[in-house]
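Student: I am new to this structure and would like a close look at one part of it. Please take me through it step by step.

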Amino acid sequence: MKVGIFGAGAYALALSNILNDNHSEITIWTEFEEEKEILVRTRSNPIKLPNFLLGNQVIVTTSIEEAINEKDLLILAVPAQFLNSVCLKMEPFIYNHCILIASKGIDTKNLLFMEEIVSRCFKTDHIAVLSGPTFAKDILSRKKMGLSVAYKTDEVKDTVSRFFMNDYIDLDFTTDIMGVELCGSLKNIYAILMGILEGLSCNESTKAMFMTKIAKEIEKILESFSCNKETILSYAGIGDLLLTCTSISSRNYSFGVLLGQGVEETQISEYLAQNTVEGVYTLEAITSMVSKSNSCYILIDTLKKIISYECAASILLTLSF
């Protein structure tokens, strides 16, 4: 089984560990020659993913064609805002390939989900989306974890199963691609909110109340996008929500903690400059996407005001639902 991974960030490298354990032939593509040289020479990248060691047979390349040629599965694991540009480079070499999207988020420039970008660029119906509660560092532990796969055809579903299922990876399957993408995007927004509650020193009971309200609001958003509201119950839904909304390892949650603590604006700006906080960008995109509807999303609207410094983070505790 041959697979090409596009992207050499922490999550892409972690996924290569699963594939290596499943005896796949792996080619990792990076756009940067310097990054390629580091991976080839050291078989690691301690800055992006400490304690990671690249499989001995893994090939690293800067050639798009080499990463695509004769592959049974192509995995897209680049940051959401760069997916479109990478897909345009891949497009001349794609025909009827099986594509798995591991990038999470929304293209904020064009207000498109990841699958929408891929479908516009590639001549294939064999597209799936991978999402779920897995930090890259945790994947290295080879402990039990679950991932959701939303798929368009049985062929790509079967292909992803062959590449990923083993004794520590459990997969759940759905055809609700947009629902899975929405959950994977929204959890970053709500992780900021839960971080704010931590920064405000709220007790566990208050946090539990807000987690319940968050799940209900996500269900409401799923329905407004004509998705299956039960997707909230999948690994991509409540699973990823629990992980991202409760861990200091989440940049979105950590950003929220700073907001809740009421730190100086300069410290907030410094954190944003040094870290990619996807929830901030996703919040802007979701706000634009739902602005034409008549629905009211109290938590999203309040968070938007907090991040825009229109009100203090403590306003969360005064909300009436």
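Which elements each supply at least two residues of the lining of the largest cavity?

Tutor: Strand 8 and helix 8 do. Keep in mind that this is a predicted model.

Start with the cavity itself. A search of the whole structure finds 1 cavity of 30 Å³ or more. The volume of the largest cavity is about 50 Å³. Its lining is made up of S103, K104, G105, V129, L130, S131, V180, E181, G184 and S185. Helix 8 gives the largest share of that lining, 4 residues. Sorted by class, the lining has 5 polar, 3 nonpolar and 2 charged residues.

Now follow strand 8. Strand 8 covers residues 127-131. Strand 8 runs antiparallel to strand 9, and 4 bridges join the two. One lining residue gives us a way across: S131. S131 stands opposite S148 in strand 9.

From S148, go one strand further. The bridge partner of S148 in strand 10 is D172. Strand 9 and strand 10 pair over 6 bridges, this time in the parallel sense. Between them in the β-α-β unit comes helix 7, residues 154-164. Strand 9, helix 7 and strand 10 form a right-handed unit of this kind.

Look closely at strand 9, residues 145-151. Is it covered or open? It is mostly covered, with 7 of its 7 residues buried. In a regular strand, side chains alternate between the two faces of the sheet. Here M145, L147, V149 and Y151 point one way. G146, S148 and A150 point the other way. Both sets are buried.

Back to helix 8, residues 177-199. Helix 8 also helps line the largest pocket, where it supplies at least two residues. Other helices that do this include helix 1 (10-21), helix 4 (83-90) and helix 11 (251-261). The space in this pocket is about 1500 Å³. Its lining counts 44 residues. Nearest the pocket's centre lie G9, A10, Y11, P79 and R251. By class, this lining has 20 nonpolar, 15 polar and 9 charged residues.

So much for the route. Strand 8 borders the cavity and joins strand 9. Helix 8 contributes to the linings of the cavity and of the largest pocket.

Terms used: Residues are numbered from 1 along each chain as its sequence is written. This is a predicted model: local features need pLDDT of at least 70, side-chain atom pairs count only at pLDDT 80 or more; totals for chains, interfaces and linings use all residues. Side-chain values use heavy atoms; hydrogens and water are left out. On a 1 Å grid over the protein atoms alone, a cavity is a set of points where a 1.4 Å probe fits but cannot get out, and a pocket is an open set with protein on both sides within 12 Å along at least five of seven lines; lining residues have an atom within 4 Å of a point. Grid points are joined across faces, edges and corners, and a volume is the space filled by probe spheres set on the points. Ala, Val, Leu, Ile, Met, Phe, Trp, Tyr, Cys and Pro count as nonpolar, Asp, Glu, Lys and Arg as charged, and the others, Gly among them, as polar. Buried means under 20% relative accessible area, exposed over 50%, partly exposed in between (1.4 Å probe, protein chains only). Two strands pair if DSSP finds at least two bridges between them. A crossover is right-handed if, with the strands pointing away from the viewer, the path from the first strand over the helix to the second runs clockwise.
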